[in-house]
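Biologist: Could you take me through this chain before I set anything up?

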Amino acid sequence: MGVVDDVLADGIGGLSHNVITGRLEDLINWSRSRSSWPASFGLACCAIEMMATGAAHYDISRFGMEVFRASPRQADIMIVAGRVSQKMAPVLRQVYDQMMEPKWVISMGVCASSGGMFNNYAIVQGVDQVVPVDVYAPGCPPTPETLIHAIETLHQKIEDGEILRRRQQTGAGANIHVEEIAATSTPVLLGTK
């Protein structure tokens, strides 16, 4: 039976929630999770994998993320891909501050997450010292499948409204760690039904 048949048979009670009976907050979170626009902040080799994720082979446009935004004022997700130097940290923070609210951050790769193999004075030992991070994508560099997994995890948390509640309580990011997914010869269609 289709949606129309359910409505005809049971009335509005036949639908669990829809535009009419759903809460406005749930509808807004649902639309936010499906229309996020990333601001790329590619700093090292992880940026190549981030670009591959946006290309036709993996096609993140199916998640509502058509293009990486060149202007931070048009973006609401920052993907920090690669090591952040002490010199680049103020620029990263400035771009983050210019993004529209609500905004989220994905830390892509071990260099962005913890400084990686660059344990020295010139590299920030974790981008969470500069901006609040919501999702950490592991790997050196993470595969496009891992980034897609991180994006899907972030989208689910946005839809649940969990991240905004945590931000209001603590002012910090969600601090979600996803597991690394190995590369395959064919694109993995995560989240498709």
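Modeller: What follows covers the overall layout, one strand pair and one helix. This is a predicted model, in which local features need pLDDT of at least 70, side-chain atom pairs count only at pLDDT 80 or more, and totals for chains, interfaces and linings use all residues. Residues are numbered from 1 along each chain as its sequence is written, and side-chain values use heavy atoms, with hydrogens and water left out.

Biologist: How many helices and strands does the chain have?

Modeller: There are seven helices and five strands, taken as DSSP runs numbered from the N terminus (helices H or I, at least four residues; strands E, at least two). Along the sequence the pattern is α-α-β-α-β-α-β-α-β-α-α-β.

Biologist: In which sense do S1 and S2 pair, parallel or antiparallel?

Modeller: Strand S1 (residues 38-42) and strand S2 (residues 77-81) pair in the parallel sense over five bridges; pairing requires at least two DSSP bridges. Between them the chain passes through helix H3 (residues 46-54), and this β-α-β crossover is left-handed. A right-handed one would run clockwise from the first strand over the helix to the second, with the strands pointing away from the viewer.

Biologist: Which residue in S2 is the bridge partner of Ser40?

Modeller: Ser40 has Ile79 as its bridge partner in S2.

Biologist: Turning to H6, how many of its residues are buried?

Modeller: Twelve of the 17 residues in H6 are buried, that is, under 20% relative accessible area (1.4 Å probe, protein chains only). Among them are Leu147, Ile151 and His155.

Biologist: What comes just after H6?

Modeller: Gly161 does, with a positive phi of about 80 degrees.

Notes:
Buried means under 20% relative accessible area, exposed over 50%, partly exposed in between (1.4 Å probe, protein chains only).
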